[in-house]
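Colleague: I should like to learn how to read the contacts and surfaces of a structure. May we go through an example together?

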Amino acid sequence: MSRKILTFVLAAGLVASSVPLTATADNHTPNENADHAFDNKVIKKIDADRMYNHIALLSENPREAGTQGEYKAVQYIKNEFESYGYDTELQPFTFQEWDGGTSTLSFNDQAFSGDPHTFNGSVNASVQAPLEYVGLGSSEEVGSDVEGKIALIERGSYTFYDKVQNVMDKGAVGVIMFNGENQSGNHFGYTYDEQDIPAVAITREAGLKLVERLKTEQVTTTLTVKNAGTIDKTSYNVIATKEPHKKKDNGQIVMIGSHHDSVAGGPGANDDASGVSAVLELAKIMAKTPTDTELRFMTFGAEEKGLVGSYHYANSLSQEEVDRTVAQFQMDMVGSRDAGDLIMFTPDGQKNLVTDLGAAAGARVAEVVEYGQLGRSDHVPFFQRGIPAALFIHAPLEPWYHSPQDTLDKISKEKLKETTEIVGAAVYQIARPNTPALENAEVAPGPVHYEFDDRPL
Ligand code: BES
Ligand code: ZN
């Protein structure tokens, strides 16, 4: 059955498999009309232009965690939340980042004109020794000739770990690796604990020149890595809390999240200024809408560094708060013109309360939303604490993901609006005052049928 037909059937409030395709739009159940009225209280207020404007401002500069760019975004988000009337908390946290310091090379006392890149994890050291070319650095290629020398290795075929380990095992004192075929630049390379010789990366051109040179002369090499190491950086989560109506507090908490940081050098219009714009828009609308549920609107920092902000936040929740939290909705990359359909992803690929609400809301306001299995965003730490959580994202991905081309012009207002409507309707479904408990909800819509989708991203 096509998605459209399925949606139509589901919109009639019936179970897909038992319904003839001749069902008409008049088959609304009383509940369903009520649901639409409730949905409309939220979704009619969603303004895609306002969301687009947030993205425009946020994507003027990259927002890499720990940088001024992130801090500016954090202030913007906090000011917005406060202007809607929310108590807003900035939750700072530290994360560690590798800093390659400065590395230098010289060959037969002549300084290398390029700029070597320090391997992530390299020790600080200065060594002087003859250079020895060992091909790709496999255990077969590396002989005892490399003992006491600096190994020149080509990137490719084997892991960084194996290459470095193979030359270390034979007594090499340093590593220079040049880039592989058809690979440009020199930003690559890792060493691991216990691999305690300095290691740097150079371009393929520079490496091939050295290979040629070694055919006719010995090249005494000085390799120095200085001031490399991990440094502490500070990032922030931004949290705005909407208290429930005093007389109708059901004790439940619903969380609506996104991440405000971008990758280095990327404007991150879709990833994830789009999600931030959706969180801000829903916060603005819900500020004036009474609920019986506490709502927490949040944007996380350092998601791109390994979900650091959301782990920090989720792990800072007391068990009592976790027990009261019934749902976490994560919106990440919700506006790309060039991505596919909206899918709800859970880390274990199982449905949960969030996906049930999302699928039902989708069927009411647009079309049924399918679910799939994926981590890779801030829903993971909540899931790990036992909170029903799902990532709302379009799949397959757009080609601009994590690139400098993730810019405002790639944002579709329609996609932004539709995703925000679906999440807004789902949130309001459980937060509105006349659904005091999920099981006993007076006017809860019936469950809808939605399917697992394992499309590649
Ligand atoms: N928005 C992405 C998540 C994503 C990417 C979901 C591609 C689906 C497909 C997120 O910002 C991201 O890039 N996450 C990292 C993982 C994280 C642990 C650093 C990723 O997927 O590489
Ligand atoms: Zn993201």
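Colleague: Which polar atom lies 3.5 Å from the backbone nitrogen of Ala302?

Modeller: This is a predicted model, in which local features need pLDDT of at least 70 and side-chain atom pairs pLDDT 80 or more, while totals for chains, interfaces and linings use all residues. Residues are numbered from 1 along each chain as its sequence is written, chains are lettered from A and ligands numbered from 1 in the order in which they are written, and side-chain values use heavy atoms, leaving out hydrogens and water. A polar contact is a pair of N or O atoms within 3.5 Å; within protein, one must be able to donate a hydrogen and the other to accept it, and residues adjacent in sequence count only if both atoms are side-chain atoms. Here, the partner of the Ala302 nitrogen is a polar atom of the Ser235 side chain.

Colleague: Is Ser235 buried or exposed?

Modeller: Buried means under 20% relative accessible area, exposed over 50%, and partly exposed in between (1.4 Å probe, protein chains only). Ser235 has a relative accessible area of 0%, so the residue is buried. By contrast, Tyr192 counts as partly exposed because its relative accessibility is 40%.

Colleague: Which side-chain contacts does ligand 1 have with Glu303 and Asp332?

Modeller: A polar side-chain atom of Glu303 is 2.8 Å from a ligand 1 oxygen, and one of Asp332 is 2.9 Å from a ligand 1 nitrogen. On its own, ligand 1 has 510 Å² of accessible area, of which the protein covers 83%; such areas come from the Shrake-Rupley method with a 1.4 Å probe, and for residues only the protein chains shown count as cover.
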